[in-house]
Amino acid sequence: MSIQTSNQPLLAADGRPLKQSLSRALRRQKLRALALVAPLLVFVMLTFVLPICNMLFRSVENDIVSNIMPYTVNALESWTAEPDTLPDEAIFKAAFYDLSVAAKAKEHTKLGTRLNYEQTGISSTFRKSGRALSKSGKALAKEFDALDPRWNKAETFFELFTTDEADRQASDQNILDRQLFRLNQLKGQAYDPLPNFELAREKTAALPLTAREYGYWALFTSLEKNKDFTKGKVTEALYVALTDDLQNPQNKAYIDRLTGPSAELVKTAAAYFETQPNLNYAKLMKDVNKNWAEPVVWETIKLHSSRYTNGYFLNAVDMRKTADGPAVQPESKQILLILFQRTVKMSLIITVSCILLGYPVAWLLANLPMRTSNLLMILVLLPFWTSLLVRTSAWKVMLQQQGVINEVLVWLGLVATDNRLEIINNQFGTIIAMTHILLPFMILPMYSVMQTIPASYVRAAKSLGATNWTAFWRVYFPQSVPGIGAGSILVFILAIGYYITPEIVGGTEGVFISNRIAYHISSSLNWGLAAALGAILLTVVLVLYWAYDKIVGIDNVKLG
Amino acid sequence: MAKSSKNAFVKFQRVQKSYDGETLVVKDLNLELPKGEFLTMLGPSGSGKTTCLMMLAGFETATHGDILLDGVSINNIPPHQRGIGMVFQNYALFPHMTVAENLAFPLEVRKIAKAERETKIIRALEMVEMGSFAGRRPSQLSGGQQQRIALARALVFEPELVLMDEPLGALDKQLREKMQFEITNLAHALGITVVYVTHDQTEALTMSDRVAVFNDGRIQQLASPDSLYEEPENSFVAQFIGENNTLDGEVKNLSKNMAVVQLDDGSLIDCKPVNVKKVGERTRVSIRPERVEYNKKRINKQAHTLTAEVLEFIYMGDIFRTRLRVAGNDDFIIKTRNAPDQQRLTAGQQIEIGWLPKDCRALDA
Ligand SMILES: Nc1ncnc2c1ncn2[C@@H]1O[C@H](COP(=O)(O)OP(=O)(O)OP(=O)(O)O)[C@@H](O)[C@H]1O
Ligand SMILES: [Mg+2]
């Protein structure tokens, strides 16, 4: 064997550098380990991590406004909300078409609901507008009908806008692409474009607004409704758009240049509408619903039009977004901070109760002879074998006014029949039931720590002259603290997110923040706020965990 | 060796102990020790040594009998009032306290003022030569250092009686020997009474004033180390302490200080009767390996001789260790000093061996 110099790499038996062979061997081990955990990893990713990330994302996501009212949001960008000033005509115009389209797709109420979180009452404005939006269109449709009954048919519009097979170059694919995008955003879908449907460029130049709305409507009718858009009638809003186009002086030159079969039809209508009063979208919207004349509605839309928002988080801490930055919610709507405080406070009380009740039991478990302690352990674990719902309901039976405890107290004469104790549907009930349910999570870690404390420490303390109490307090207790820490962190984290028990025995006073989250998920459907509350709860837990790690050290936590 | 019970400091009186109500772990223990004595309890595993210590310390109660400390029965005195220092087998240093805090503990519970406490701690640490380790945690000390701290802690409150349960069990040989020396020196210097438990017989012999050999819940013999070695009273003690050769036989003739034993191969030898009562009894004869001679020049005139066959001759430097076949026993060991005139043996050789009848003790079978 030759002696290796220090800067020569060590070689393994097969002549490879030792480091390389070692890392190869380790890599194989790691791969095998990874293969073993892979199924669980995938399962957890798909069923736990991804949904949570998705949920957390909802707390800042806010594309519903810009998806449903894309033109309005665009138009509002340059508008600054000033007290008592209404937006200009262009904004009303954009809103009219956005809302007409949304109403047809039955999406306007969703937006109303979303904005209602921020501005109570706004949802009814949206809901009521849905029906009224088509009124003005209907009136104009009659006028067109009087001019020429052909205007009444969808076929006419089809012929007016489409190109011949031979004339593909002259088509305006751009408009259709954008309208398909608009439809996809609105419905949250990804439709394929319509084949063989193109708009003639000269027509889209002459009647741009009508072409836009017609393009959208055709796509919507065909792709979303699965109907033939060349038959029957067109949507009412198109007549408004057409009137707008015919009255628009910028279009005049292009209209005059129109040729082909429907050119005469358009020119006659243009001549008629030139004599009519100009279209006024502001008035039109006011007629739809008088609330559109309220600046606050527009302010709300503008305020919440961005695709990402901190609004939900502000709401989660009893604040709200205003044009002048975050502001505190009115007193009557402040509930969440109180709930957060209550959740933390009650979780702390529950944790402390669990420590007080669990410590002696854990001590007994660790110090009794094996046979007895096994029996006791079964008693401790017994609750795990019963459904959570059953245990909680049992507490309901125990604690209610006509329940076991009250009956016994009345029977003993300790409590008057008309003065029964209120120990359920309040914080007290929640604390009792949850302490009971979470107790095993406190006892088990404490037990496993205490088991590792040799009896000789207490004996040594006593032989050194300590009384039973001093020996316990100065010697045994400090060594059992890691168990208390582990149990506390477990119980506290479980308690802070508990849902079922407070829901059943908590009444209104004893509910936790998670009950509020559940309410927003399943009743008010304000998922964004629910997600924000969840995110805050998660952060609180992580911060506590971090603080605990700093103070006690997570390595000191023994769970078994 | 019985001392007058008047100056007995610790006294076990007919003490019995049972854990399960079925078997007696300690059977009829009687023991007296005077102030200042270093007594070792020696015995095989499970013989009840720790149990005795625990009864003395107050962590177990005697099922029957009395334990007296300085003439007072302590059966009803709780452990913390007994004022007995104790060193545990695993040291039991409180892991969450520093060395100084560990030492302060017995002083604090005795409500000794801070200044006095500190001087005592410093003195105790210096006594075990650990003065510079006051701020360390037990986990930052080596085994021997922990052991010394445990000793210092048991001594810092100046108890008159200190119990030590195999305190050196976890140490390596060299450190153990050093600590044995230190513990005995300290005990003598301080004049404390020590009850020491071990199952290492060398430790027992080198450290103690007296040794109590335990077996099967009883004290088999309580004597000073030299008489224990040289005058074992029964074959358990003879076998347990030091190396020992045994030959089985039957008592043929018995007088006050001479017994004639017929070995199982028929040969007759003279022995000192120690634990035989009557003629015809089975007996086990015990001879220490170093009391056997084979060198003709060295065999005493009065010595008793037998022929033996050499099975193995091991050169060990200072001594020769020879394994012989004697009276049908293949494990008869003799140890001889490597003197200039000493003769060396080879396996298969037939030799004459001899010993004095007084070195050959007839014990119970
Ligand atoms: N707490 C106990 N419960 C029941 N039996 C016990 C208990 N402690 C000891 N024993 C039994 O009592 C007998 C004597 O035990 P003890 O601990 O006194 O032995 P020891 O002489 O100290 O042995 P070692 O040298 O191994 O420490 C053993 O048979 C043991 O099994
Ligand atoms: Mg023992």
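Trainee: What area is buried between domain 1 of chain B and domain 2 of chain B?
Mentor: This is a predicted model, so every value here is computed from it. Eight residues of domain 1 of chain B are in contact with nine residues of domain 2 of chain B. Carbon and sulfur atoms give 43% of the area buried there. The total is about 750 Å².

Trainee: Which three residues supply 61% of the area that domain 1 of chain B buries against domain 2 of chain B?
Mentor: Look on the domain 1 side, which covers residues 10–235 of chain B. No other three residues of that side supply more. They are B:Y229, B:P232 and B:S235.

Trainee: Which side chains meet in a salt bridge between these two domains of chain B?
Mentor: The count between domain 1 and domain 2 of chain B is one salt bridge. A salt bridge needs a side-chain nitrogen of Lys or Arg within 4 Å of a carboxyl oxygen of Asp or Glu. Here the N to O distance is 3.9 Å. The partners are B:E230 and B:R291.

Trainee: Which helix gives the most to the domain 1 side of that contact in chain B?
Mentor: By class, that side has three nonpolar, two polar and three charged residues. One helix gives three residues to it. The helix spans residues 225–230 of chain B. It is α7.

Trainee: How far apart are the centres of domain 1 and domain 2 of chain B?
Mentor: Domain 1 is 10–235 and domain 2 is 245–364. Their centres are taken over C-alpha atoms. The separation is 39 Å.

Trainee: How far apart do the C-alpha centres of the two domains of chain A lie?
Mentor: Chain A is divided too, with domain 1 at 70–303 and domain 2 at 336–556. Take the C-alpha centre of each domain. They lie 61 Å apart.

Trainee: What area is buried between chain A and chain B?
Mentor: Begin with the contacts: 17 residues of chain A touch 22 residues of chain B. Of the buried area, carbon and sulfur atoms give 66%. The area is about 1,800 Å².

Trainee: Which residues in chain A lose the most area to chain B?
Mentor: Three residues stand out on the chain A side. Together they make up 39% of what that side buries. They are A:R459, A:L464 and A:R474.

Trainee: Which residue of chain A forms a salt bridge with B:E108?
Mentor: The count between chain A and chain B is two salt bridges. In the one with B:E108, the closest N and O atoms are 2.7 Å apart. The partner is A:R474.

Trainee: Which element gives the largest share of the side of chain A that touches chain B?
Mentor: Two elements of chain A give two or more residues to that side: α23 (455–463) and α24 (468–496). The largest share is seven residues. It comes from α23(A).

Trainee: Is A:T309 buried or exposed?
Mentor: A:T309 is in the loop between α16 (295–303) and α17 (311–316) of chain A. Beyond its neighbours within four places in sequence, A:T309 is in contact with residues including A:S59, A:R114 and A:K321. Its relative accessible area is 5%. Buried means under 20%, so A:T309 is buried.

Trainee: Which residue's backbone nitrogen does the side chain of A:T309 reach?
Mentor: Start from the side chain of A:T309. The distance to that backbone nitrogen is 2.8 Å. The nitrogen belongs to A:G311.

Conventions:
Residues are numbered from 1 along each chain as its sequence is written. Chains are lettered from A and ligands numbered from 1 in the order in which they are written. This is a predicted model: local features need pLDDT of at least 70, side-chain atom pairs count only at pLDDT 80 or more; totals for chains, interfaces and linings use all residues. Side-chain values use heavy atoms; hydrogens and water are left out. Contact means heavy atoms within 4.5 Å. Buried area is the accessible area (1.4 Å probe) that two parts lose on being put together, summed over both. Helices (H or I, at least four residues) and strands (E, at least two) are DSSP runs, numbered from the N terminus. Domain bounds come from an automatic or database domain assignment. Ala, Val, Leu, Ile, Met, Phe, Trp, Tyr, Cys and Pro count as nonpolar, Asp, Glu, Lys and Arg as charged, and the others, Gly among them, as polar. Buried means under 20% relative accessible area, exposed over 50%, partly exposed in between (1.4 Å probe, protein chains only). A polar contact is a pair of N or O atoms within 3.5 Å; within protein, one must be able to donate a hydrogen and the other to accept it, and residues adjacent in sequence count only if both atoms are side-chain atoms.
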